[in-house]
Amino acid sequence: MAEGQVSEESVRKVLARFQDPETGRSIVQLGQVHQIDLADGKLAVTLGLTSWSEPIAEETRDELVAMLRAEFPGLDVSVGIAPHHRPPEKIGQIGLAAKSVIAVGSGKGGVGKSSMAAALAYGLSQVGCQVGLMDADLYGPSIPHLLGTTERPQMVGESIQPVMVDGMKVMSIGLMVPPDEAVIWRGPMLHGALTQFLRDADWGELDYLIIDMPPGTGDVALSLSQLLPTAGAVVVCTPQDVALLDAVKAIAMFRKVNVDVLGMIENMSFFLCPDCQSRHDIFGSGGAKRKAAELGVAFLGEVPINAQLRLLGDQGRIGAAVEQADSKPYLDAICRNLVRNLAHRHRQQPVMPTLSVLNP
């Protein structure tokens, strides 16, 4: 299109085709085009993005710039990002106000599932997302230890107040029972505890609720699928075949209860020698990536063995661990891949607002 034919209306028509990563709907329809400046051969657009989109905000901006430059080759195009607030709708029978609920599971214990759940929560929170972290591993809760908190949730009125840790809202049975006391519950009690954690806790408005699932396959996944719709599940495993066998079972379990599998993370993927920088594949190499391809599941990334991550996690400083130079690039990439995959799914199947049905 020639420069003389460019108008704000023609720009707006092009912008109407651009999809918001959070919902997959038109940024014009949703009022996310905050400003259009067109003068002297220059086009400047201010795009509003919600905090949900923060992990992929820059690449979303770059995508819009490329689209506008292709449509208006004669113009000098720039796009700025501005905050855009859109509260989450309440979901499920419990009315949780969260945009994306993500379960983090594994087929077996000992693969770093809880550490990865905490790392995902920290990674999303540190870029500006509103994040909650719920420990659903009721028999072996380790989130309080990883986060270094012993604070007990308090009752305010009829609501449980989650504990605040580094800007994240956290709930765990480990904060409610003595650390040396075993939780001995049958299935109905597990379901009741999960319901209380989700329905009675004051989570506020969340972009992401990360749920650390118990290892293996069992009642918790079924209860979760009944209580609220999840964006999907992330499965954590290590490279060796014995761990992958159990990861396959975890994927089958999530699919059986109609929870989409958003991707696999390969933890303890390799060891990078701090002295000579040589790579050592202690547990094998690339097993999770190959298995993900076989199962039609996205591969979110690999995390190397890192002594500091283990040490700081044991000290209750997992937040500092995810900032370690040897781990941060891998963990940041996993967070971006996760949100990017969700955004792609939303663009394929836009998230439409729900209509409340009022009883006469």
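Here is a quick briefing on one sheet, one helix and two loop residues in this structure. Keep in mind that the model is predicted. The sheet is an open one with three strands, ordered E1-E2-E3, and helices H1 and H2 go with it. Further along the chain, helix H9 has three buried residues, Leu309, Leu312 and Gly313. Asp40 and Asn258 are worth a look for their positive phi values.

**The three-strand sheet**

- Pairing in this sheet is mixed, with the strands in the order E1-E2-E3.
- At the edges sit E1 (33-39) and E3 (76-83), each of which pairs on one side only.
- On average, neighbouring strands here are turned by 15° against each other, if you ignore direction.
- E1 runs antiparallel to its partner E2 (residues 42-49), and six bridges link the two.
- If you want a spot to check that pairing by eye, go to Gln35, which stands opposite Thr46 in E2.

**Helices on the sheet**

- Helix H1 (residues 8-15) packs on the sheet and touches both E1 and E2. The direction of H1 makes about 140° with that of E1.
- Helix H2 (residues 57-71) lies across E2 and E3. Relative to E3, H2 runs at about 150°.

**Helix H9 and what covers it**

- H9 spans residues 307-314, and its buried residues are Leu309, Leu312 and Gly313.
- Those buried residues are on the same side of H9 because they cover an arc of only 105° around the axis.
- Among the elements covering the buried residues of H9 are helix H4 (143-147) and helix H10 (318-321).
- Just after H9 comes Gly316, with a positive phi of about 80°.

**Two non-glycine residues with positive phi**

- Asp40 has a phi near 55°, which is positive even though the residue is not a glycine. You'll find Asp40 in the loop between E1 and E2.
- Asp40 counts as exposed because its relative accessible area is 78%, and the cut-off for exposed is over 50%.
- Asn258 is another non-glycine residue with a positive phi, this one near 60°. Its place is the loop between helix H7 (241-256) and strand E13 (261-266).
- Asn258 is exposed too, with a relative accessible area of 70%.

Conventions
Residues are numbered from 1 along each chain as its sequence is written. This is a predicted model: local features need pLDDT of at least 70, side-chain atom pairs count only at pLDDT 80 or more; totals for chains, interfaces and linings use all residues. Side-chain values use heavy atoms; hydrogens and water are left out. Two strands pair if DSSP finds at least two bridges between them. Helices (H or I, at least four residues) and strands (E, at least two) are DSSP runs, numbered from the N terminus. Axes are lines fitted to C-alpha atoms, for helices over the stretch in contact, and angles run from 0 to 180 degrees between N-to-C directions. Contact means heavy atoms within 4.5 Å. Buried means under 20% relative accessible area, exposed over 50%, partly exposed in between (1.4 Å probe, protein chains only). The arc is that of the directions from the helix axis to the C-beta atoms.
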